[in-house]
Amino acid sequence: MTLSRSVNAQKAVKLDFQVSAVCSMCEERIEKALDVKGIKMADYNLENGHLEVVYNPKVLSEEQVHQIVADAGHDTEKIKASDEVYNALHDCCKYRENSVKKCED
Amino acid sequence: MRRLILCLLLSGGIAHFSFSQVIKGTVSGSAPGNKTETLIGAAVYWQGTQLGTVTDENGKYSINVPPAATMIVFSYVGFTNDTIAYKNQTEINVVLKAFEMGEAEVIAERDATELSLMNPLNTQIITEKELAKAACCNLSESFETNASVDASYTDAVTGTAQIRMLGLDGKYTQMMADVVPQIRGLAVIYGLSAIPGPWINSIQVGKGVGSVTNGFESITGQINVSMKNPENAESVYINAYGNQGGRMELNGSFLVPVNKAWSTLLQAHSEMNNTRQDMNGDGFMDNPLKRDLIFRNAWKYQSQVTGFQGEYQVTGTLVENTSGQLDYRNSENAGNANLWGMHLTDQNLNAYAKTGYVFKNSIGKSIGTQFSANHQELNANYGLRDYSGLHQSFRANLLYASKIGATTDHTFLTGLSFQYDDYSENLDSLSFIRTERVPGAFFEYTWKHDERFTMIAGIRVDDHNLFDVFISPRLHARYSITENTSIKLAAGKGYRTSNILMEHVGILASSRVIDVNGQQSGLMPNLNPEKAWNFGLNLTKKFQMNYRDASVLIDLYRTEFTDQVIIDMETAGAVSFYNLNGQSYSNSAQIEFNWTPIRRVDVRLSYRWLEVRNQFNSGILDKPMISRHRVFSNFAWESKETAKKAKWKFDVTPQWIGSSRIPSTSANPEEYRLSNRSDDFVLVHAQLTRVFNSAFEMYLGGENLGNFRQANPIISAENPFNSYFDASLVWGPVFGRMVYAGLRFKIPAPVK
């Protein structure tokens with residue numbers, strides 16, 4: 001699901017993959033986690049669970065992008081978040097549960 | 001603007017299918033200072049479908065899961081919608097947050113200025129984040145980072161700020177606080193500085209005629225100031241400010257929960273300037289000496305049980321300003337010709353009550369009432385001129401909102417209003433006395449055809465006791481060409497009656513002889529009410545550039561007066577007010593570009609062109625002191641937030657203002673003449689903020705960093721009692737560079 005495009009003479013790569021999340025608080029967490037060097041753009045779509053990331057492959061690898069998201073507590077197609085990080089999430093963000101309580105910020 | 005029904009609600013006939021899966025849960029609501037209560041009759045539905053239900057008397061619901069379920073929406077009148085992704089949950093409990101009555105959006109973490117593709121009215125929302133960029137101090141200074149509103153000074157002596165939209169004075173823009181018309185009558189200029197910035201939650205700047213529901217007075221725009229109210233204020237908010245000119249301000253705001261349904265907010269503001277300063281060496285103080293006190297108490301009532309909600313507030317203002325020659329002391333020098341000085345006291349008491357009732361069994365139906373009353377007393381002297389003014393007003397507005405048919409595609413808002421204004425002003429031997437009683441009725445129909453097209457058509461009829469019947473038709477339409485491009489059209493008529501002295505208070509800081517329709521003393525004749533048509537076209541396009549959000553806006557507006565009060569300063573030493581006899585118009589074009597080139601960096605570039613001309617006795621001329629060209633830019637940067645929520649914020653606003661026409665001074669002796677055109681100039685404001693944590697931040701900033709000053713803003717400053725004295729021909733900054741610093745301390749409201 002990857003495709004590359006040339007931007008400003010510098011190769012930026014666009015990724016689009018599935019990430020588990022349930023609320024706008026999760027969305028903010030994922031996008032904030034990706035505010036690091038090498039990432040041009042990160043946009044999570046809560047409706048379909050797709051995360052779009054544009055990154056510079058000279059700085060980061062695709063694997064590392066997944067790792068950043070998993071480290072924030074959200075499962076990606078490739079890497080599952082550790083239970084420790086997952087358990088630390090706000091109750092309303094516990095996407096692995098069937099019943100999610102009170103999704104307020 | 002004031003809409004009691006906002007949310008998309010479901011009507012009775014909901015399709016029944018059989019689904020195997022069911023989600024159950026409770027919907028409750030919370031308002032700051034109130035306990036969370038369950039919401040009865042809240043709508044729960046699948047996004048983009050007609051499938052839904054409402055909560056029962058215990059706030060519980062149960063909803064079937066359709067095959068392609070993705071997002072589930074929870075909504076209730078007066079609360080923000082919550083949308084939750086469906087991930088096979090079997091139970092979802094939500095707590096909706098209350099928002100301000102009559103307002104479509106809640107201001108939380110969001111962009112500093114928002115452009116809406118969906119709202120048929122061309123409205124920009126200036127959020128608290130944007131307001132924080134212009135750290136000083138009150139409403140008149142809150143538009144520094146906005147390209148659509150111009151700020152200027154009335155004269156070179158009194159330090160009074162005024163605003164303009166579409167090249168026309170602020171008096172043609174209807175000002176509202178919490179959608180109740182305010183800052184009108186004698187307060188059109190001084191009233192702007194009586195709303196402290198830290199009390200403002202957000203400002204909605206609407207270009208063009210606006211809605212009919214708040215009266216006939218808007219022509220170039222409607223600016224609504226959403227005040228901090230019990231439902232959105234912090235528990236404690238303290239702001240202190242000081243600048244190089246000696247101005248000091250202290251603002252405090254305290255939230256007091258009373259019981260389940262009631263909460264109240266107490267606010268106090270004090271401003272002080274005791275420093276006499278003359279940086280440009282003209283012998284006059286650069287900034288007025290000032291003392292003011294403002295108190296505000298706002299109450300909010302909201303009951304889930306009865307369906308009633310209400311907002312009530314009272315504000316008291318006491319202002320004392322002194323300015324003029326450096327050693328002027330009002331107690332010693334008032335009324336004599338030793339030193340020229342200005343002294344003003346402004347006392348104002350204002351209250352409003354808004355009560356709404358939402359019919360629980362009939363979704364989309366509501367009734368609202370608005371009552372407001374205002375008492376203002378002004379006493380001033382400007383040199384040897386002696387002024388006193390009294391304005392008492394009362395306004396009632398009754399609104400009824402409902403829908404036509406089963407869906408909310410066709411809705412209407414209708415009502416009756418009554419406006420009472422009693423004016424009494426005296427300036428030496430001139431007096432202006434007028435009582436206005438204006439009953440009116442309005443009807444506004446909204447058609448939401450689909451996602452792409454919305455139209456608002458409104459009309460109001462007002463029967464003015466002194467003038468004829470005012471008929472104000474207004475139309476707004478929005479069409480989305482694509483998902484990210486919308487085009488908006490607006491056309492409509494507005495009216496206003498004028499109070500020439502307080503609307504042009506700058507001329508009192510001159511020796512110009514005032515005449516109204518040729519009359520120079522006694523009871524002054526009523527001038528015709530001002531009438532104008534306004535037409536607007538807006539194109540908004542949002543797109544991505546280098547993977548980052550960008551937007552372009554193009555605005556074209558024309559205002560055409562059929563009646564207007566002309567202020568004619570074309571003869572030195574005189575100012576004449578008379579009814580327009582000929583044409584008067586303003587054409588305005590603006591292009592604005594917003595982009596985030598790098599993360600956490602926002603860029604705004606704008607260019608605005610204006611042509612404002614009218615017929616004077618001496619011919620058709622450009623309106624004086626209004627520059628044709630303005631280039632505006634704003635660059636804002638924010639550092640990444642640390643775990644402790646600390647960050648840096650920096651923003652800089654450079655702008656270029658083109659030259660403008662100065663009224664002729666050729667009849668004066670040579671030493672008292674000015675050139676016919678002003679210089680163009682550059683203004684740069686910048687500010688740095690350090691956020692230490694969510695409770696505490698400090699800022700340091702500078703205004704007019706390039707230290708540009710209008711040369712000789714006062715004609716005959718050395719001899720202010722001769723007939724050539726004139727401080728009203730101001731087109732640029734009178735004060736040079738101004739450094740300021742301040743702090744903000746806040747304790748957020750408890751979540752529940």
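User: What makes the positions of domain 2 of chain B and domain 3 of chain B worth stating together, and how far apart do their C-alpha centres lie?

Analyst: In this predicted model, the two C-alpha centres lie 4 Å apart. Domain 2 of chain B covers 113-226, and domain 3 of chain B covers 227-319 + 327-747. The contact between these two domains takes 56 residues from domain 2 of chain B and 106 residues from domain 3 of chain B. To count as a contact, two C-beta atoms must lie within 7 Å.

User: Which strands supply the side of domain 2 of chain B that touches domain 3 of chain B?

Analyst: At least two residues each come from β16 (180-181), β17 (200-207) and β18 (221-227) of chain B. The most, three residues, comes from β17(B). Sorted by type, the residues on this side of domain 2 of chain B are 32 nonpolar, 17 polar and seven charged.

User: How many helices and strands are there in chain B?

Analyst: Chain B has three helices and 45 strands.

User: Why is chain B called as compact as a globular protein of its length?

Analyst: The globule rule gives 27 Å for 752 residues, and the radius of gyration of chain B is 27 Å, close to that value, so the chain is as compact as a globular protein of that length. The C-alpha trace of chain B spans about 95 × 60 × 50 Å along its principal axes. Of its 752 residues, 50% count as buried. Among contacts in chain B between residues at least 6 apart in sequence, 64% join residues at least 24 apart.

User: Why is strand β13 (residues 161-165) of chain B called largely enclosed?

Analyst: A residue is buried if 20 or more other C-beta atoms lie within 10 Å of its own. Four of the five residues of β13(B) are buried, so the strand is largely enclosed by the rest of the structure.

User: How do you know that β13(B) pairs with strand β12 (residues 149-153) of chain B, and over how many bridges?

Analyst: Two strands pair if there are at least two bridges between them. There are five bridges between β12(B) and β13(B), and the sense is antiparallel; therefore the two strands meet the cut-off. Tyr153(B) stands opposite Ala161(B), and Ala151(B) has Ile163(B) as its bridge partner.

User: What joins β13(B) to strand β14 (residues 168-169) of chain B?

Analyst: Two bridges join them, and the strands run antiparallel. The cut-off is at least two bridges, so β13(B) and β14(B) also count as a pair. Met165(B) stands opposite Leu168(B). The two strands form a hairpin with two residues between them, and Leu166(B) in the turn has a positive phi of about 50°.

User: What makes β12 and β14 of chain B edge strands?

Analyst: The open sheet has three strands in the order β12-β13-β14 (chain B), with antiparallel pairing. Each of β12 and β14 of chain B pairs on one side only.

User: Which strands are the edges of the open sheet β4-β3-β6-β7 (chain B)?

Analyst: This sheet has four strands, and its pairing is antiparallel. The edge strands are β4 (52-54) and β7 (82-85) of chain B, each of which pairs on one side only. From one strand to the next, the twist averages 15°. Strand β3 (residues 43-46) of chain B is joined to β4(B) by three bridges. Across that pair, Val44(B) has Thr53(B) as its bridge partner.

Methods:
Residues numbered from 1 in each chain as written. Chains lettered and ligands numbered in written order. Predicted model: local features only at pLDDT ≥ 70, side-chain atom pairs only at ≥ 80, totals over all residues. Buried ≥ 20, exposed ≤ 12 C-beta atoms within 10 Å, placed from the backbone. Domains from an automatic or database assignment. Nonpolar A, V, L, I, M, F, W, Y, C, P; charged D, E, K, R; others polar. Rg over C-alpha atoms; globule rule 2.2 N^0.38 Å. Axes fitted to C-alpha atoms, helices over the stretch in contact; angles between N-to-C directions.
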